[in-house]
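Me: Please take me through one part of this model up close. Start wherever you think the picture comes together best, and then work outwards from there.

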Amino acid sequence: MKIAFGCDHRGYILKDAILAHLRENGHEVVDMGTDSTERVDYPVYGEKVGRAVASGECALGIVVCGTGFGISLAAGNVKGVRAICCSDIYTARLTREHNNANVLALGSMVVGEGLALELIDAFLNAEFEGGRHQRRLDMLDEIRARNA
């Protein structure tokens, strides 16, 4: 699977482990930066990943900042992106199965490397169930359209 990855300076501490893990599991990774611990603005990288996913260039995205929340907001503000900030395996799986989330956000200051990789696996191995869940996603799209 082709996966977009982006992080800010805080997320950079997990970058090498995440990219290696994804590649070891046969995924193609599009690295959208950042490339150091030098301070940068997380919205830049969240938007890059969001655009890659929304355009279809990449099937899914993973973003990392200190909490995961800020960069999830940036990615989630791209039309067509459903980004989830997650720190437990149950949520990582269910957001794909029920909400068809397409970008996973992690907080490097919230989860360690081992848990981050488990969250990624849970997210990537889950599949959208459709059915009643699609109806609810359609409702969310209607809300977004009314409030655009």
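Reply: **A strand-by-strand look at the sheet**

G61 has V103 in β5 as its bridge partner. Helices and strands here are DSSP runs (H or I over at least four residues for a helix, E over at least two for a strand), numbered from the N terminus. This is a predicted model, in which local features need pLDDT of at least 70 and side-chain atom pairs count only at pLDDT 80 or more, while totals for chains, interfaces and linings use all residues. Residues are numbered from 1 along each chain as its sequence is written, and side-chain values rest on heavy atoms, with hydrogens and water left out.

Let's start with β3, the strand that G61 belongs to. β3 covers residues 60-65, and its pairing with β5 is parallel and runs over five bridges (two strands pair if DSSP finds at least two bridges between them). Further along, C65 stands opposite G107 in β5. β1 also pairs with β3, again in the parallel sense and over five bridges; here I3 has L60 as its bridge partner.

What surrounds β3 on its two faces? In a regular strand the side chains alternate between the two faces of the sheet. In β3, L60, I62 and V64 point one way, while G61, V63 and C65 point the other way, and all are buried (under 20% relative accessible area with a 1.4 Å probe and protein chains only, where over 50% is exposed and anything in between partly exposed). With six of its six residues buried, β3 is therefore largely enclosed by the rest of the structure.

β5 (103-107) tells a similar story. Both of its faces are covered, with V103, A105 and G107 buried on one side and L104 and L106 buried on the other. Five of the five residues of β5 are buried, so the strand is largely enclosed by the rest of the structure. β5 also runs parallel to β4, to which it is joined by three bridges; there, I84 has L104 as its bridge partner.

Now for the whole sheet. Its five strands follow the order β2-β1-β3-β5-β4, and the sheet is open, with parallel pairing. β2 (28-31) and β4 (83-85) stand at the edges, and because each has a single partner strand, one side of each is left without a neighbour in the sheet. On average, neighbouring strands are turned by 20 degrees against each other, direction ignored (axes are lines fitted to C-alpha atoms, for helices over the stretch in contact, and angles run from 0 to 180 degrees between N-to-C directions). At the β2 edge, the parallel pairing with β1 (residues 2-7) runs over four bridges, and F5 has D31 in β2 as its bridge partner.

Next, the helices that meet these strands. Helix α2 (residues 42-54) lies across β1, β3 and β5, and runs at about 175 degrees to β3. Helix α5 (residues 113-125) packs on the sheet as well, touching β1, β3, β4 and β5, and its direction makes about 165 degrees with that of β5; contact means heavy atoms within 4.5 Å.

α2 has a helical neighbour too: it packs with α3 (residues 69-76) at an angle of about 45 degrees, their axes 7 Å apart. From α2, the residues Y42, P43, Y45, G46, E47 and G50 take part, meeting G70, I71, A74 and A75 of α3.

Y45 leads us to a spot worth zooming in on. T34, in the loop between β2 and α2, touches Y45 along with C7, D8, H9, Y12, K15 and V40, leaving aside residues up to four places away in sequence. T34 is buried, at a relative accessible area of 6%. The peptide bond joining G33 and T34 is cis, with omega of about 5 degrees. Most residues other than glycine have a negative phi, and most peptide bonds are trans.

Two more loop residues round off the tour. N100 lies in the loop between α4 (89-99) and β5, and its phi is near 50 degrees, a positive value in a residue other than glycine. N77 sits in the loop between α3 and β4 and is exposed, with a relative accessible area of 67%. From N77 to R23 it is 54 residues in sequence and 28 Å in space, C-alpha to C-alpha.
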